[in-house]
Structures are given as structure tokens and as C-alpha cells.
Amino acid sequence: MEAEVERTRLLRVVRGQLESELFLGGKWLPISGEAGGEVLRVKKDGKSKQRQEALAEIAERVRNCCGCGLHKMRTKSVVGEGSADARLVFVGEAPGADEDASGRPFVGRAGKLLTSIIEAMGFKREEVFIGNILKCRPPGNRNPQMDEIDSCRGFLYEQLEVIEPEVIVALGAYAAQTLLESNLPIGELRGKVHEFCATPMGKPIKFVATYHPAYLLRNYTPDARGRVWQDMQKVLGLLGLEVPRKK
Ligand code: URA
């Protein structure tokens with residue numbers, strides 16, 4: 001009996017290790033998508049057009065925004081992109097050089113890793129929404145300043161109010177701390193499910209914090225990858241989606 005329990009435990013440990021080792025590099029067959037169809041990955045409630053129009057209106061204001069000093073240095077503002085009907089939204093910190101040049105979020109090295117994570121979860125990148133706390137690049141990728149966060153965060157809140165996702169994933173300490181209004185380190189904010197309200201009377205949205213993909217690139221260890229994968233499995237559970245199987 002004891003041997004059986006130990007065997008089961010070992011199998012679980014090895015399986016978890018293999019999954020987290022493989023999820024960023026291998027080829028995944030997203031069974032949740034195939035089995036459940038698109039309806040499970042984006043909302044189908046007939047409000048798509050309304051949401052797209054509302055997001056376009058916010059985007060226009062972001063493009064013309066001169067709310068803080070960052071507008072003077074930007075090549076392009078980075079409004080955010082993805083499905084207006086997303087059930088899942090990822091929020092990063094601020095655009096980097098590649099994003100500033102292209103006007104699109106998460107397109108550099110960290111962005112490629114984020115796309116792998118999204119696909120490992122069984123989503124197409126365009127089925128989720130990807131945004132940032134700041135819409136313009138801080139010079140030299142310095143940390144966002146409080147006045148910049150305060151002047152910009154309202155756009156993201158508006159986007160979240162329009163999209164009404166079921167789960168928000170904050171990527172890294174800045175996004176997590178800003179949205180949760182917390183000073184706790186990311187290591188303490190991750191690993192649990194929080195709630196976020198875009199407006200004081202708004203419906204609470206489930207909220208999971210994880211490491212920023214840029215951090216993961218700098219610390220590409222089985223342990224760090226395993227933790228991110230654990231967080232993403234939690235997110236899939238919150239959405240009622242299965243964890244995709246490795247092909
Ligand atoms: N890092 C971020 O936080 N956001 C981006 O869009 C790109 C890199």
C-alpha cells in the first residue's frame with residue numbers, strides 16, 4: 001500500500017516536472033480548443049461590435065494622449081491588442097523598444113515567450129487581450145514612475161470594463177502591485193487567486209499574478225518555468241478549460 005502511494009506521488013512529481021520543462025519549447029496540441037471549440041476561449045454573447053467600438057474609441061484617446069511626459073518621447077503609443085471578447089487578459093508593465101517602434105504590445109523577445117505561454121495554454125494569441133499599465137515607453141526601459149502610472153492606468157481600467165474578462169493575468173511585479181494596490185513582492189502575490197474591480201461598483205474579476213516573461217528569460221530555470229506553468233494551470237482551471245496535452 002505504501003509502495004503504491006509512493007509510486008503515485010513519484011509519478012505526479014515526474015509528470016509535473018516534465019510538463020513544466022516542456023511547455024515553453026515543445027509542440028502542444030491544445031485539446032481544450034479542439035474539444036470545446038472557440039466558444040470556450042472567447043465570449044459569444046452578441047456584444048462583440050459594441051465592445052470593438054468602445055475599444056476603438058479608447059484607442060483613439062490613447063493615441064492622442066499627452067497626459068504625462070512620456071508622450072514626447074514615444075514613436076507609437078501601444079494601446080493593447082487582441083479580442084474584444086476575450087475571457088482572458090494579460091497585463092504587462094510598459095512597452096519596450098520593439099513595442100514603441102511597432103505600436104504593438106509584447107512583440108520583442110519577452111513577447112515571443114508570452115505568445116508561447118498563451119499557445120501552451122491552448123489559446124491563439126488573438127483570442128486573448130494583451131495590454132500594459134503604461135501605453136508609452138519609459139526612456140531606456142526605466143521603471144514606470146508613479147505620476148505616469150496614475151495618468152495612464154485609467155485607460156487600462158476602461159479597457160477592462162469594456163472587455164469584462166473572466167480572468168486577468170498580471171505579468172510581473174509592476175502590473176500586479178499596481179492593479180492590486182499592494183506593495184507585496186511578486187513572489188507573495190503569485191500562487192493565489194485575487195480579485196480586481198475596474199470600477200468601484202464593478203463586477204470582481206479573478207486575478208492571477210505571475211512572473212514577467214522578461215524575468216523568465218533572465219531566469220530560464222525549470223523552477224521558474226514550473227511556477228509560471230502552475231500559475232497558468234490555475235488560470236485554465238478558473239476558466240473551466242482543460243490543460244492541453246503535449247502532442
Ligand atoms: N514588456 C511589457 O511589460 N510590455 C510589453 O508590451 C513588452 C515588454
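Here is a short tutorial chat about the ligand site, the pocket and the cavities in this predicted model.

Me: Let's start with the ligand. Which residues surround the ligand?

Reply: Look for residues with a heavy atom within 4 Å of the ligand. In this predicted model, that shell is G92, E93, A94, E99, P105, F106, N132 and H212. Sorted by class, the shell comes out as three nonpolar, three polar and two charged residues.

Me: Which backbone atoms lie a short step from the ligand's oxygen and nitrogen atoms, and how many Å away?

Reply: For polar contacts, check pairs of N or O atoms within 3.5 Å. E93 has a backbone N or O atom 2.8 Å from a ligand oxygen. F106 also places a backbone N or O atom by a ligand oxygen, at 3.0 Å. With A94, the partner is a nitrogen atom of the ligand, and the backbone N or O atom lies 3.0 Å from that nitrogen.

Me: How much of the ligand does the protein cover?

Reply: Take the accessible area of the ligand on its own, which is 240 Å² here, and ask what share the protein covers: 91%.

Me: And what kind of space does the ligand take up, a pocket or a cavity?

Reply: The trick is to ask whether a probe can get out: a pocket is open, while in a cavity the probe fits but cannot leave. Here the ligand takes up the space of the largest pocket. That pocket holds about 520 Å³.

Me: What lines the largest pocket?

Reply: Its lining has 24 residues, and nearest the centre are E93, A94, A110, H212 and A214. Helices α4 (97–102), α5, α7 (173–180) and α9 (213–218) each contribute at least two lining residues. As for chemistry, the lining splits into 12 nonpolar, six polar and six charged residues.

Me: Now the closed spaces. How many cavities of 30 Å³ or more does the structure hold?

Reply: Two. The largest has about 100 Å³ of space. Of its 14 lining residues, C65, C68, K135, C136 and C152 are the closest to the centre. Helix α6 (residues 146–163) gives the most to that lining, with four residues.

Me: How do the classes divide in the lining of the largest cavity?

Reply: You'll find eight nonpolar, three polar and three charged residues there.

Me: What about the second largest cavity: what is its volume, and which residues line it?

Reply: Its volume is about 30 Å³. The lining is made up of F90, L114, I117, L171, T210, Y211, P213, V228 and M232. Two elements give two or more residues each to this lining, α5 (109–120) and α10 (222–239). By class, count eight nonpolar residues, one polar and no charged ones.

Me: So where does helix α5 turn up?

Reply: Helix α5 supplies residues to the lining of the largest pocket, and also to that of the second largest cavity.

Note on methods: Residues are numbered from 1 along each chain as its sequence is written. This is a predicted model: local features need pLDDT of at least 70, side-chain atom pairs count only at pLDDT 80 or more; totals for chains, interfaces and linings use all residues. Side-chain values use heavy atoms; hydrogens and water are left out. A polar contact is a pair of N or O atoms within 3.5 Å; within protein, one must be able to donate a hydrogen and the other to accept it, and residues adjacent in sequence count only if both atoms are side-chain atoms. Accessible areas come from the Shrake-Rupley method with a 1.4 Å probe; for residues, only the protein chains shown count as cover. On a 1 Å grid over the protein atoms alone, a cavity is a set of points where a 1.4 Å probe fits but cannot get out, and a pocket is an open set with protein on both sides within 12 Å along at least five of seven lines; lining residues have an atom within 4 Å of a point. A molecule sits in a cavity or pocket if more than half of its atoms lie within 2 Å of its grid points. Ala, Val, Leu, Ile, Met, Phe, Trp, Tyr, Cys and Pro count as nonpolar, Asp, Glu, Lys and Arg as charged, and the others, Gly among them, as polar. Grid points are joined across faces, edges and corners, and a volume is the space filled by probe spheres set on the points.
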